[in-house]
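The following exercises are meant to be worked through with the sequence and the model in view. Each task is followed by a solution in steps.

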Amino acid sequence: MRHPLPCCVILAPDADESLRSLLSDVLGDMGIALRPGGGGTRPDVVLALVQREDSMSRVLGAAGNEAGAAPVFALLPFEDERLRQLAVSLGARGCYALGTPLEFLKELLRDVVGGLPRPRGPERLAAASGMSGERGRQDDGA
């Protein structure tokens, strides 16, 4: 019996197609289905893109309504501790700053969406360093 994929909703009306495509690829590789907001099914996690500080309260409020009991993560336009603290104070479970290594986003999601594989040992080091490769295969040149 197959279990349904964990579902991630993205609330990012201002996001360009390249960001949506990147997130879809990254989450798909993790076995997480990405869909836009507004569906009837409650998601396992919500990613909410916050472009400006003055819209954070409105965006995270809408994300909380979409999420129900699921955690909400703020996607910030850049790394800023003040924005991060504001997002958390407004109910975000955590934040991911665009432009930082995608492994940070993957770790946030692995911590909340049960059953996702975690890289271990050398794979974890490779993932954290930005190196990539196909899991379980090694090319020794032979």
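**Exercise 1: The strand β3**

L11 stands opposite A48 in β3. The model is a predicted one, in which local features need pLDDT of at least 70 and side-chain atom pairs count only at pLDDT 80 or more, while totals for chains, interfaces and linings use all residues. Residues are numbered from 1 along each chain as its sequence is written, and side-chain values use heavy atoms, with hydrogens and water left out.

Task: Determine which residues of β3 are buried on one side and which on the other.

Solution. Step 1: Strands (E, at least two residues) and helices (H or I, at least four) are DSSP runs, numbered from the N terminus. Step 2: Buried means under 20% relative accessible area, exposed over 50%, and partly exposed in between (1.4 Å probe, protein chains only). Step 3: In a regular strand, side chains alternate between the two faces of the sheet. Step 4: V45, L47 and L49 are buried on one side of β3, and V46 and A48 on the other. Five of the five residues of β3 are therefore buried, and the strand is mostly covered.

**Exercise 2: The partners of β3**

Task: State how many bridges join β3 to β4, and how the two strands run.

Solution. Step 1: Two strands pair if DSSP finds at least two bridges between them. Step 2: Four bridges join β3 to β4, and these strands run parallel; L49 stands opposite L75 in β4. Step 3: On β1, four bridges likewise lead to β3, again in parallel.

**Exercise 3: The helix α1**

Task: Explain why the buried residues of α1 line one face of the helix.

Solution. Step 1: The expected span of a helix is 1.5 Å times one less than its number of residues. For the 13 residues of α1 (residues 17-29) this gives 18 Å, and the end C-alpha atoms are 18 Å apart, which agrees. Step 2: The buried residues are L19, L23, V26 and L27. Seen down the axis of α1, they fall within an arc of 95 degrees (taken from the directions from the helix axis to the C-beta atoms), so they line one face. Step 3: The face turned away from this buried side carries the exposed residues E17, S18 and D29. Step 4: The cover over the buried residues of α1 includes β1 (7-11), β2, β3 (45-49), β4 (72-76) and α4 (102-112).

Technical notes:
Contact means heavy atoms within 4.5 Å.
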